[in-house]
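This briefing covers two ligand sites and two helix packings. Please look at the sequence and the model before reading on.

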Amino acid sequence: MAIALRFAAAPLRLRLVSPAPPAIGGAGDGGRRGGGGAARIGVLGRARCRRRRGGGGRLEVAAAAADDSARCRAKGVGAAAAAAETLGGIGVGGGDQLSVVMKFGGSSVSSAARMREVAGLILAFPEERPVVVLSAMGKTTNLLLLAGEKAVGCGVIRVSEIEEWNLIKDLHIKTVEELALPRSVIHTMLDELEQLLKGIAMMKELTLRTTDYLVSFGECMSTRIFAAYLNKIGVKARQYDAFDIGFITTDDFGNADILEATYPAVAKRLHGDWIRDPAIPIVTGFLGKGWKSGAVTTLGRGGSDLTATTIGKALGLREIQVWKDVDGVLTCDPNIYPNATTVPYLTFEEAAELAYFGAQVLHPQSMRPAREGDIPVRVKNSYNPKAPGTLITKQREMDKVVLTSIVLKSNVTMLDIVSTRMLGQFGFLAKVFSIFEDLGISVDCVATSEVSISVSLDPSKIWSRELIQQASAPIYMQNQELDHVVEELEKIAVVHLLQQRAIISLIGNVRRSSLILEKAFQVLRKSGVNVQMISQGASKVNMSLIVHDSEAKQCIKALHQAFFEDDVLTEIEEEALHMS
Ligand SMILES: Nc1ncnc2c1ncn2[C@@H]1O[C@H](COP(=O)(O)OP(=O)(O)O)[C@@H](O)[C@H]1O
Ligand SMILES: N[C@@H](CC(=O)OP(=O)(O)O)C(=O)O
């Protein structure tokens with residue numbers, strides 16, 4: 001069902017006119033609503049704020065922001081608190097519609113200091129009426145998962161000694177204390193969490209359903225702390241648990257899908273509350289409620305991005321901002337190769353492929369609601385807000401684009417499946433894929449001939465408990481699942497299992513596929529690397545090469561240098577660019 005709720009005054013949508021992505025909090029933020037003028041927003045003083053509210057017009061306050069924040073520091077007052085004081089309560093002005101989603105990931109809210117910074121960032125845009133989505137603080141989700149694993153085997157009495165549980169408790173208590181909030185903000189949550197860990201220890205069992213409930217404490221605590229902090233500094237905020245406001249999902253614990261009913265329900269609740277009693281909504285990312293079980297579900301690792309885009313679509317907002325700890329989507333994973341640079345523009349399709357093929361920066365499903373609602377997504381750095389970031393939209397100028405980004409998915413398993421000719425060609429392909437379907441295994445890349453098929457399997461789907469990062473999945477568990485796949489396939493085919501492979505995805509302009517592949521193969525040949533499979537499929541933006549895992553990082557580096565760092569265009573590139 002489409003969005004049932006329509007607003008009387010639909011929020012304006014961002015229209016891109018400038019050649020560079022308009023910077024938030026910097027000069028030339030031409031896409032902002034309100035009077036159509038460019039607004040340079042920092043931490044506003046009272047007079048400027050009134051001027052803004054009193055009829056729009058051009059604001060030149062970035063310098064004032066720096067001044068104000070320097071003054072605040074000198075006085076030992078957080079910039080956010082000072083801004084809130086001067087504003088006398090932002091985001092509660094009534095009348096205006098909610099306008100943007102601002103999602104902050106775990107890295108952005110990892111401590112009390114970071115929460116203050118994030119509050120300052122939100123307040124730096126007083127003309128916005130944001131819905132804020134938060135992830136769990138820092139690495140809390142990983143710690144919760146590990147605490148749960150340990151609780152299974154440690155016995156009830158020793159739960160209090162679990163290192164990860166103590167880290168979680170200490171971090172949240174310290175944060176509350178440093179923000180000068182009452183402990184009661186998270187007291188009940190911490191008590192419940194300890195009870196839960198004891199329950200797991202008692203049962204000596206951790207189901208997927210319980211795991212989801214366990215990890216939900218991370219987002220439930222971070223949002224309670226942040227909302228309490230905003231209220232304390234005079235900014236009216238209201239905390240929401242996503243599972244209580246209409247995020248309805250499938251019952252696939254650990255990797256639930258959002259159901260259509262979510263959009264009208266979430267819109268009704270958030271919009272209704274806003275109209276009745278305006279307060280900045282602070283929503284838990286990552287969480288939902290299973291439609292059959294009624295239990296807490298999670299949307300897969302990094303799922304808060306999906307929460308943000310779902311809210312954006314539900315409310316028909318102007319923009320979805322995803323604040324990270326990097327300057328946007330980069331030309332490759334900076335952990336693999338630090339020379340990666342920011343990609344200024346992407347299409348939803350490119351961003352989705354990038355995420356699906358392993359770029360950790362965005363949740364693979366998160367582009368869907370944004371694309372359906374045609375709402376621009378901006379990826380920004382909460383540690384460097386002046387950086388323009390990446391703007392993701394439905395379309396972009398592709399004429400001069402060759403390659404956009406290089407993505408690596410490691411620890412991939414390949415299967416070469418050769419028919420024993422018990423079945424005809426159609427029957428063979430159908431049977432192979434029905435086996436994958438029955439076992440719930442996702443296939444990434446496929447190459448077929450009449451009697452054989454080569455596929456790469458999505459590593460995160462090989463074993464079911466994907467909440468814990470793939471890299472830490474015990475090999476023996478992955479192998480058990482794989483043995484089962486091979487056993488089933490061997491009923492109709494000869495199967496070769498090839499492990500420790502990697503998919504290198506070249507996200508770019510497939511209209512230039514020959515050019516991209518020619519150059520990529522030149523680079524790989526020079527590096528002495530043999531490509532084991534190529535797959536382009538129907539994608540307009542992605543070409544995938546499979547190589548051995550041990551060679552993959554070296555390939556990424558060499559490809560990055562050739563495509564993004566070498567100044568001189570080769571003859572073929574120049575020719576192709578002239579032809580366009
Ligand atoms: N192509 C890429 N562009 C940007 N970041 C990437 C890319 N590939 C991997 N990353 C990693 O993704 C991280 C950001 O994603 P994530 O940790 O989920 O952020 P958050 O927790 O703030 O939402 C970066 O710190 C970076 O290490
Ligand atoms: N806390 C969850 C959800 C999430 O989206 O986190 P982050 O935004 O920090 O990637 C996780 O770690 O998976």
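A polar contact is a pair of N or O atoms within 3.5 Å. In this predicted model, one such pair joins a nitrogen atom of ligand 2 to an N or O atom in the side chain of Glu219, at 2.7 Å. The points below take the ligands in turn and then the helices.

**Ligand 2**

- The surroundings of ligand 2 consist of Lys103, Gly105, Gly106, Ser135, Ala136, Thr141, Glu219, Phe286, Arg301, Gly302, Gly303 and Ser304.
- Thr141 places a polar side-chain atom 2.7 Å from a nitrogen atom of the ligand, and the side chain of Glu219 has an N or O atom 2.7 Å from a nitrogen atom of ligand 2.
- At Gly302 the partner is a polar backbone atom, which lies 2.9 Å from an oxygen atom of ligand 2.

**Ligand 1**

- Ligand 1 is surrounded by 16 residues, of which Lys103, Ser107, Asp325, Leu330 and Asn335 are the closest.
- Lys103 is also listed among the residues around ligand 2.
- The side chain of Ser107 has an N or O atom 2.8 Å from an oxygen atom of ligand 1.
- For Asp325, the distance from a side-chain N or O atom to an oxygen atom of ligand 1 is 2.7 Å.
- Gln360 has a polar side-chain atom 3.2 Å from an oxygen atom of ligand 1.

**Helices α5 and α7**

- Helix α5 (residues 140-154) packs on helix α7 (residues 184-203) at an angle of about 40°, and their axes are 7 Å apart.
- The two helices are therefore oblique to each other, and α5 passes α7 in a right-handed crossing.
- On the α5 side the contact is made by Leu144, Ala147, Gly148, Ala151 and Val152, and on the α7 side by Leu193, Leu197, Ile200 and Ala201.
- Eight of these contact residues are nonpolar, one is polar and none is charged.
- Thr141, whose number falls within the range of α5, is listed among the residues around ligand 2.

**Helices α4 and α8**

- The axes of helix α4 (residues 112-123) and helix α8 (residues 208-232) cross at roughly 60° and come within 11 Å.
- That angle makes α4 oblique to α8, and the crossing is right-handed.
- Met115, Arg116, Val118, Ala119 and Ile122 of α4 meet Ser222, Ile225, Phe226, Tyr229 and Leu230 of α8.
- By class, this contact of α4 with α8 has eight nonpolar residues, one polar and one charged.
- Glu219, a residue around ligand 2, has a number within the range of α8.

Definitions and conventions. Residues are numbered from 1 along each chain as its sequence is written. Chains are lettered from A and ligands numbered from 1 in the order in which they are written. This is a predicted model: local features need pLDDT of at least 70, side-chain atom pairs count only at pLDDT 80 or more; totals for chains, interfaces and linings use all residues. Side-chain values use heavy atoms; hydrogens and water are left out. Axes are lines fitted to C-alpha atoms, for helices over the stretch in contact, and angles run from 0 to 180 degrees between N-to-C directions. Helices (H or I, at least four residues) and strands (E, at least two) are DSSP runs, numbered from the N terminus. Angles under 35 degrees count as roughly parallel, over 145 as roughly antiparallel, 65 to 115 as roughly perpendicular and the rest as oblique. A crossing is left-handed if the near helix is turned anticlockwise from the far one by less than a right angle, and right-handed if clockwise. Contact means heavy atoms within 4.5 Å. Ala, Val, Leu, Ile, Met, Phe, Trp, Tyr, Cys and Pro count as nonpolar, Asp, Glu, Lys and Arg as charged, and the others, Gly among them, as polar. A residue is near a molecule or strand if one of its heavy atoms lies within 4 Å of it. A polar contact is a pair of N or O atoms within 3.5 Å; within protein, one must be able to donate a hydrogen and the other to accept it, and residues adjacent in sequence count only if both atoms are side-chain atoms.
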